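Please keep the structure open while reading these points. They take up one topic at a time.

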Amino acid sequence: MTLRTDDARFADLPDFPYPPSYATVGGLRMAYVTAGPEDGPVALLLHGEPSWSFLYRKVLPVLADAGIRGVAPDLVGFGRSDKPGAAAHTYAAHVEWVRALAFDVLDLRDVTVVGQDWGGLIGLRVAAEHPDRVARIVAANTGLPTGEHGMPDVWWQFRRAVENAPSLDIGRFVQSGCTTVLSDAVRAAYDAPFPDESYKVGPRVMPGLVPVSLEDPAAPANLAAWQVLRKWEKPFLCAFSDGDPITGPMAPILRKLIPGAAGREHPVIEGAGHFLQEDAGERLGEEIARFMTRP
């Protein structure tokens, strides 16, 4: 059964004045917000687990001021997007939903893909599989696991906690990945998409979709994506925080293996945790804008 969060849950969101737009992809309603000039260069801003486009509320105005059009979707199962049952959630399905929205519905071209957490796992696949549509990539606290290498203990602890918690406290979950203290209103905004446990299928299942062995269904596609990324000459930026124990080790790997990252100054966002958009969104926005507008 597919659920849809009542719009009333999203009233009075702090510092998030962007009206939602909707598109149907794969029979499901997907939501997104935009900011900045319609004719500006496009940044596709992809969030991860368990957040939604609200995470980019500090980034969007910085990009808009730089003349950049920010497009921030809600992944299926999150935010204002539809929330289908567990069987609908596969890695391939999430890649296809984002691809369909970005390229079939919105017809985005020369895109800068910005991905954090699952937004990177999805965005790197989208970029590698459709390089003709992508001009640049920004990886922020993310990676592209293939199952060839084991995941760190801290990730397994996180996965078991999500899968086994009797009640998944989304606001607390986001807070645990931040260095700053979230206000009650901000925590409520992260809770808003999920009125009760039945709406939290997406956050529950996403950790289990990360490839942890070469037998994983997503491993072949991620290995194929890496073959493209190892030859990726277009601009590639790592904008990681200094306080994320789960994804931090991925930054040097991306910088080393992707040609488009060579010879580039990659910023380290200081004082920020896993959700660096929350802790240092303005700084991240400045780095993305600088990357997109430099010659």
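**Notes on the pocket and the sheet**

1. The largest pocket holds about 1200 Å³ of space. This figure, like the others here, comes from a predicted model. The pocket is lined by 48 residues, and those closest to its centre are Met151, Pro152, Trp155, Ile246 and Thr247.

2. Which elements give two or more residues to the lining of the largest pocket? They are helix H3 (118-129), helix H4 (153-164), helix H5 (170-176), helix H8 (219-229) and helix H9 (250-257). H4 contributes the most, with 6 residues.

3. Sorted by class, the lining of the largest pocket consists of 26 nonpolar, 15 polar and 7 charged residues.

4. Turn next to the sheet. It is open and has 7 strands, in the order E1-E2-E4-E3-E5-E6-E7, with mixed pairing. Strand E1 (21-25) and strand E7 (236-238) are at the edges; each has a single partner strand, so one side of each is left without a neighbour in the sheet. From one strand to the next, the twist averages 25°.

5. Strands of a sheet pair through backbone hydrogen bonds, in either a parallel or an antiparallel sense. Here, strand E3 (residues 42-46) and strand E5 (residues 111-116) are a parallel pair, joined over 4 bridges. Within this pair, leucine 44 stands opposite valine 113 in E5.

6. Where does H3 pack? H3 lies on the sheet and touches E3, E5, strand E6 (134-140) and E7. The direction of H3 makes about 150° with that of E5. H3 is also one of the helices that give two or more residues to the lining of the largest pocket.

Technical notes: Residues numbered from 1 in each chain as written. Predicted model: local features only at pLDDT ≥ 70, side-chain atom pairs only at ≥ 80, totals over all residues. Heavy atoms only, no water. 1 Å grid on protein atoms, 1.4 Å probe; cavity = no way out; pocket = protein on both sides within 12 Å on 5 of 7 lines; lining within 4 Å. Points joined across faces, edges and corners; volume = space filled by probe spheres on them. Nonpolar A, V, L, I, M, F, W, Y, C, P; charged D, E, K, R; others polar. Pairing = 2+ DSSP bridges. Axes fitted to C-alpha atoms, helices over the stretch in contact; angles between N-to-C directions. Contact = heavy atoms within 4.5 Å.
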